[in-house]
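Here is a short walk through one protein model, meant to be read with the structure open beside you. Let's look at how some of its helices and buried residues fit together.

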Amino acid sequence: MTAPAVPRVGDPERGTLDKAADENFPVAPFFLPRAWREDLMAVYGFARLVDDIGDGDLAPGGADARLLGVSATAAEDRLALLDAFEADLRRVFDGSDAPPRHPLLRRLQPTVRSRALGPEPFLGLIAANRQDQLVTRYETYDDLLAYCELSANPVGRLVLAVTGAATPERIRRSDAICTALQIVEHLQDVTEDLGRDRVYLPAADMKRFHVKESDLATGTAGASVRALIAYEAERAGDLLNEGAPLVGSVHGRLRLLLAGFVAGGRAAIKAIAAAGYDVLPGPPKPGRLRLLREVGVTLRGEG
C-alpha cells in the first residue's frame, strides 16, 4: 500500500488543495473530464483558501501572508489578509502583466481566461469571509439567506460556468441547492461555530423555540434545541427539493456530479434526523451507503 503524500513544508498551494479529500462531497471526481477536474480544483483552491483565511485556519508559519505581501505583524489580522487576497485576485482579472502573488491564484488565472469567468463570484466569497469577521449573529432567516448568497451560491454558479451549463433557470436552482448545503453545514457545525463565537441559527427562530445560546454550549441537546434543528433541517430539505430539478436539466457526467451535491445534502439531513436532531456532540455524518442511495433517488427524480 502506498503511503499518502505529505505536503512539503512551506507549500501552501499543495496543503490547501489536499484538503479536498476531507470535504463533504467530491470536489472534482474522477469521472469528470480532465479539463473540468483541473478547472474545478483551481476554483476549489481559491474557495478553500479564502475560507481558511476567514476561519483562521491557515497553515502555521505565515507562508500565505508572506506570499500576499502582508507583514509579519499583520499576519494574524484576518481582515488585512482578506484585503490583500482581494488585491491579488484583482491581478487575475485586470489584464496587467504582473502575475498574482499567490500560487493558487496563478493556478486560477488560466481557468478564468479559458472559461470567461467574471470576478463577481470570487468577490462574493471574499465578502462572505469579511462579513464573518464583523457579523457573528443573524437575526432572521432572511438575513441568513442573504449571507448564503455570498458564502455558498457563488460556488454553484462557478460550477455551472466551468461546465458551460449556466442559464438563468439553472442558476436559480443551483442557488437553492447551495444555500441548502450551507444551512445543513451550519446545523452540523453548531458546536464548532459556537467555539468561534458564531451562531448561524437565526435569533428569531431561537426565540420561537425558546432556545438560548447557553443551550447550545451543553454536551447534548435538549428538546427545544432538537425541535429548532429539526425545523431548520426541514427548511434546508425544502430548498434541496426546489433545486433538485437542476439535475434533470443536464446530461452525462455533469448530471451525476450535480446529483451528488443534492444527495450529499439529503443524506446529511437524514443523518441529523437519525441522531435525533442532537448535533451538539459533533457533526452527524451520513455513511457511504446512505449517500449512494440518495444519489440513486436523486437521479431518478424522486425524493
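Two residues are in contact here when they have heavy atoms within 4.5 Å of each other. Please keep in mind that this is a predicted model.

## The nonpolar core

Let's begin inside. The largest nonpolar core holds 84 residues, and F46, F85, L108, L201 and L216 are the ones with the most contacts inside it. Helix α2 (residues 34-55) gives the most to this core, contributing 11 residues.

What does L201 touch, once its neighbours within four places in sequence are left aside? L201 is in contact with Y138, L187, V190, M206, L216, L228, I229 and E232. Among these, L228, I229 and E232 will return below, as they belong to the buried residues of α12.

## Helix α2 and its partner T111

Helix α2 is mostly covered, with 17 of its 22 residues buried. From first C-alpha to last, α2 reaches 31 Å, close to the 32 Å expected at 1.5 Å a residue. After α2 comes G56, whose phi is positive, near 70°.

A42 is a good place to zoom in on α2. Is A42 buried or exposed? Its relative accessible area is 1%, which is under the 20% cut-off, so A42 counts as buried. Not counting residues up to four places away in sequence, A42 touches R107, L108 and T111. For a sense of scale, A42 and I269 lie 227 residues apart in sequence and 29 Å apart in space, C-alpha to C-alpha.

T111 sits in helix α5 (residues 103-114). With a relative accessible area of 3%, T111 is buried too. The side chain of T111 makes a polar contact of 2.6 Å with the side chain of D39. Beyond residues up to four places away in sequence, T111 touches D39, A42, A116, L117 and V162.

## Where α6 meets α7

Next, a helix pair. The axes of α6 (residues 120-134) and α7 come within 7 Å and cross at roughly 130°. That angle lies between 115 and 145 degrees, so α6 and α7 are oblique to each other.

Which residues meet where α6 and α7 come together? On the α6 side they are G124, L125, A127, A128, Q131 and D132, and on the α7 side Y147, L150 and S151.

## Helix α12 and its neighbours

Helix α12 covers residues 223-243, and its 21 residues should span 30 Å at 1.5 Å a residue. The end C-alpha atoms of α12 are 30 Å apart, which agrees.

The buried residues of α12 are V225, L228, I229, E232, A233, R235, A236, G237, L239, L240 and G243. An α-helix has 3.6 residues a turn, so residues three or four places apart point the same way. The buried residues of α12 pack against α7 (141-151), α9 (168-188), α10 (190-195), α11 (203-208), α13 (245-248) and α14 (252-274).

## A buried aspartate in a loop

Our last stop is D278, found in the loop between α14 and α15 (288-299). D278 has a relative accessible area of 9%, so this loop residue is buried.

Which side chains join that of D278 through polar contacts? The side chain of T220 does so at 2.5 Å, and the side chain of R226 at 3.5 Å. Leaving aside neighbours within four places in sequence, D278 is in contact with T220, A221, R226 and P284.

Note on methods. Residues numbered from 1 in each chain as written. Predicted model: local features only at pLDDT ≥ 70, side-chain atom pairs only at ≥ 80, totals over all residues. Heavy atoms only, no water. Helix = DSSP H or I, 4+ residues; strand = E, 2+ residues; numbered from the N terminus. Expected span 1.5 Å × (residues − 1). Buried < 20%, exposed > 50% of the residue type's maximum accessible area, 1.4 Å probe, protein only. Polar contact = N/O pair within 3.5 Å; in protein donor to acceptor, adjacent residues only side chain to side chain. Core = buried A, V, L, I, M, F, W, Y, C linked by side-chain atoms within 4.5 Å. Axes fitted to C-alpha atoms, helices over the stretch in contact; angles between N-to-C directions. Parallel < 35°, antiparallel > 145°, perpendicular 65-115°, else oblique.
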